[in-house]
Every structure is written in C-alpha cells, then in structure tokens.
Amino acid sequence: MINKDVMTVLGKDGIIVNIGQGLIIDESELVKFLVEGDLAGAGLDVFENEPSVPKELFGLDNVVFTPHRAALTHEAIFKAFKIVIGNLEAFFLNKPFLYPV
C-alpha cells in the first residue's frame, strides 16, 4: 500500500507511522527514502521480516522504533480474557460462541 509513489507524494516533510503490519510498506523503498532524506521520518513498530530490522535504519535520527505492543493494554487483555471465558461457557452449554475465531 505504501510504495515509492506514496512516499514521493509525502515528500521531504512526510512522516510515516506503521503500527499495523510490516508488509503494508515497501520497506526497501522506505529505507532508501529515509537514508537519502526524501522523507522527514518514520515511526515503526512492525517490520517486513520480523524480527529482522533493516540495519540502515539504526543510525538515523529521523526514525523511532517501538516494540509492537499496541494490543497489550490492560483493557485489551481483560476483554480477550472475557471472550475466552465466554466462548468456553458457550461450548460447554452447547450455545453459539461469542466469537467463532
């Protein structure tokens, strides 16, 4: 989704933030744009070939890395716990699951 054309439109003032999936960004183009100064910066917590991170990004002042932990909030964990318990109850009571996945 985020390829050379998109990065070109963003230009030298553009900043890319990716907290979704590494594959939505053409990572080789992103590295090139950041290294050459054709993008202002990037905030990244996912990468194309995790756990590998392109080495070219490590020395750059215009890149911020964070661990991919967006789903690890207290609220998200509690909700997941409630879904698991609800699905177990539904299974043993022969009722439809709250969420079939």
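**Phenylalanine rings and a nonpolar patch**

Modeller: In this predicted model, ring pairs join Phe47, Phe58 and Phe65 into a cluster. Searching the whole structure turns up 4 aromatic pairs.

Biologist: What makes the pair of Phe47 and Phe65 tilted?

Modeller: The ring centres sit 5.7 Å apart, with 45° between the planes. Pairing needs centres within 6.5 Å, and planes that are neither under 30 degrees nor over 60 degrees apart count as tilted, so the label fits.

Biologist: Which parts does that pair tie together?

Modeller: Phe47 is in the loop between strand S2 (41-44) and strand S3 (63-65), while Phe65 is in strand S3 itself, so parts 18 residues apart in sequence get tied together.

Biologist: And how do you know whether Phe47 is buried or exposed?

Modeller: Its relative accessible area is 9%, and buried means under 20%, so Phe47 is buried. Phe65 comes out at 30%, which is between the 20% and 50% cut-offs, so Phe65 is partly exposed.

Biologist: Why is the pair of Phe91 and Phe92 called edge-to-face?

Modeller: Because their planes meet at 80° and anything over 60 counts as edge-to-face. The centres are 5.0 Å apart. Both Phe91 and Phe92 are exposed.

Biologist: Which residues make the nonpolar surface patch?

Modeller: Phe78, Phe81, Val84, Ile85, Leu88, Phe91, Phe92 and Phe97, covering about 840 Å².

Biologist: Why is Val84 called partly exposed?

Modeller: Val84, found in helix H3 (residues 74-92), has a relative accessible area of 48%. Exposed would need over 50%, so Val84 stays partly exposed. Patch members need over 30%, and Val84 has 48%.

Definitions and conventions:
Residues are numbered from 1 along each chain as its sequence is written. This is a predicted model: local features need pLDDT of at least 70, side-chain atom pairs count only at pLDDT 80 or more; totals for chains, interfaces and linings use all residues. Side-chain values use heavy atoms; hydrogens and water are left out. Patches are made of residues with over 30% relative accessible area and no salt bridge: like charges are joined within 9 Å, nonpolar side chains (Val, Leu, Ile, Met, Phe, Trp, Tyr) within 5 Å. Accessible areas come from the Shrake-Rupley method with a 1.4 Å probe; for residues, only the protein chains shown count as cover. A salt bridge is a side-chain nitrogen of Lys or Arg within 4 Å of a carboxyl oxygen of Asp or Glu. Helices (H or I, at least four residues) and strands (E, at least two) are DSSP runs, numbered from the N terminus. Buried means under 20% relative accessible area, exposed over 50%, partly exposed in between (1.4 Å probe, protein chains only). Rings of Phe, Tyr and Trp (its six-membered ring) pair if their centres lie within 6.5 Å; planes under 30 degrees apart count as stacked, over 60 as edge-to-face and the rest as tilted.
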